[in-house]
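Dear colleague,

Please find the structure we discussed below. My notes on it follow, and I would be grateful if you read them with the coordinates open.

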Amino acid sequence: MVDIHSHILSGLDDGAATLEDSIAMLRLAAESGTTDIVATPHANTEFSFDPGLIGQKIAELQDAAGPLPRIHRGCDFHLTLENIQDALAHPPKYAINHLCYLLVEFSDLLIPRTTQEIFDRLQGAGLTPIVTHPERNALLHTRLDQLQSWVENGALVQVTAGSLLGVFGRTAKSIATQLMNRNLVHFIASDAHDTRHRTPVLRDAYEYVEKAWNPSLAKLLFITAPQAVIVGEEIKLLDPAPVPANKKWYRFGF
Ligand SMILES: [Fe+2]
């Protein structure tokens, strides 16, 4: 499996605390079948983003942990004005493996009204936004139509593996399930921060998706689509699932 969202590098954000923690996280990932993992430290007002330092940390960790899983470069890109301006000026800087896919995390406090315009500009600069874990963002819960519209305009969606298993509560599980049923999920990733609570283990969620949906969808969301992301290839999209006209999103947060 290929995990496009993780905080396995130590000392850069609120993920792994030490190199030993990072190694333990990688072992867990490898044991559960992850062959490739993208290190995505936060870039926000709290944590600065330094690609040079990230490259050094990845080399150090890969050397210490062994060849598998292979570690790739990435960023947990928060949609701040400063970040947006910098990404538009230097498009590959924050992208996964400095190619063309950009993880985008929304604040819990504000979804910009101009999000589509921001996405258009990012896409115009050659970056495909991947909205991270909308099922865990209370504001996005009330704007699922908007999320769907962003996807119709070229954005992609990553759901957290633990959400499908109920780790983040019933609401996150329910929203993740609705998104899955509407073919609005393109990747499932761990967003791992440690070895205990938010782990890099994907196997349980993979098996859950195989059973609750089907094996080919599990393969697509955990292997084929994220593999395309790390090499910068186009992913094959699922057709949007037909939704009866009278059937609305089951909403939360009102
Ligand atoms: Fe993250």
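Which residue stands opposite Gln158 in β8? The residue opposite Gln158 is Thr132. Please bear in mind throughout that this is a predicted model.

**The sheet**

The pair just named belongs to an open sheet of six strands, which run in the order β3-β5-β6-β7-β8-β9 with parallel pairing. At its edges stand β3 (42-43) and β9 (187-189); each has a single partner strand, so one side of each is left without a neighbour in the sheet. As a general point, the strands of a sheet pair through backbone hydrogen bonds, in either a parallel or an antiparallel sense.

At one edge, β3 pairs with β5 (residues 76-78) over two bridges, in the parallel sense. Here His42 has Asp76 of β5 as its bridge partner. Further along, β7 and β8 are joined by three bridges, again in parallel. Three bridges also link β8 with β9 in the parallel sense, and in that pairing Thr160 has Ala189 of β9 as its bridge partner.

Strand β8 (residues 156-160) deserves a separate word. Five of its five residues are buried, so the strand is largely enclosed by the rest of the structure. Both of its faces are covered: Leu156, Gln158 and Thr160 are buried on one side, and Val157 and Val159 are buried on the other.

**The iron site**

An iron ion is bound by four protein donors: His5 and His7, each through NE2, and Asp76 and Asp191, each through OD. These donors lie 2.0 to 2.3 Å from the ion. Asp76 is thus a residue to look at twice, as an iron donor and as the bridge partner of His42. Along the sequence, the donor residues follow the spacing H-x1-H-x68-D-x114-D.

The angles among the four donor atoms run from 83 to 173°, and the site is irregular. Of the histidine donors, His5 counts as buried because its relative accessibility is 0%. His7 also counts as buried, because its relative accessibility is 1%.

**The largest pocket**

The largest pocket has a volume of about 350 Å³. It is lined by 17 residues, of which His78, Glu105, Phe106, Ser107 and Asp108 are the closest to its centre. By class, the lining consists of six nonpolar, eight polar and three charged residues.

**Backbone features in loops**

Most residues other than glycine have a negative phi, and most peptide bonds are trans. Three places in this model may therefore merit your inspection against that background.

The peptide bond between Leu68 and Pro69 is cis, with omega at about -5°. Pro69 sits in the loop between α2 (51-65) and β4 (70-73).

His98, although not a glycine, has a positive phi of about 55°. This residue is in the loop between α3 (81-89) and β6 (101-105). With a relative accessibility of 29%, His98 counts as partly exposed.

His133 likewise has a positive phi without being a glycine, here of about 30°. Its loop runs between β7 (128-132) and α5 (138-141). Is His133 buried or exposed? At 6% relative accessibility, His133 counts as buried, because the cut-off for that class is under 20%.

With kind regards

Definitions and conventions: Residues numbered from 1 in each chain as written. Predicted model: local features only at pLDDT ≥ 70, side-chain atom pairs only at ≥ 80, totals over all residues. Heavy atoms only, no water. Donors = N, O, S within 2.8 Å, 3.2 Å for Na, K, Ca; no water. Tetrahedral: all angles 85-135°; square planar, octahedral: opposite > 155°, others 65-115°. Buried < 20%, exposed > 50% of the residue type's maximum accessible area, 1.4 Å probe, protein only. 1 Å grid on protein atoms, 1.4 Å probe; cavity = no way out; pocket = protein on both sides within 12 Å on 5 of 7 lines; lining within 4 Å. Points joined across faces, edges and corners; volume = space filled by probe spheres on them. Nonpolar A, V, L, I, M, F, W, Y, C, P; charged D, E, K, R; others polar. Helix = DSSP H or I, 4+ residues; strand = E, 2+ residues; numbered from the N terminus. Pairing = 2+ DSSP bridges.
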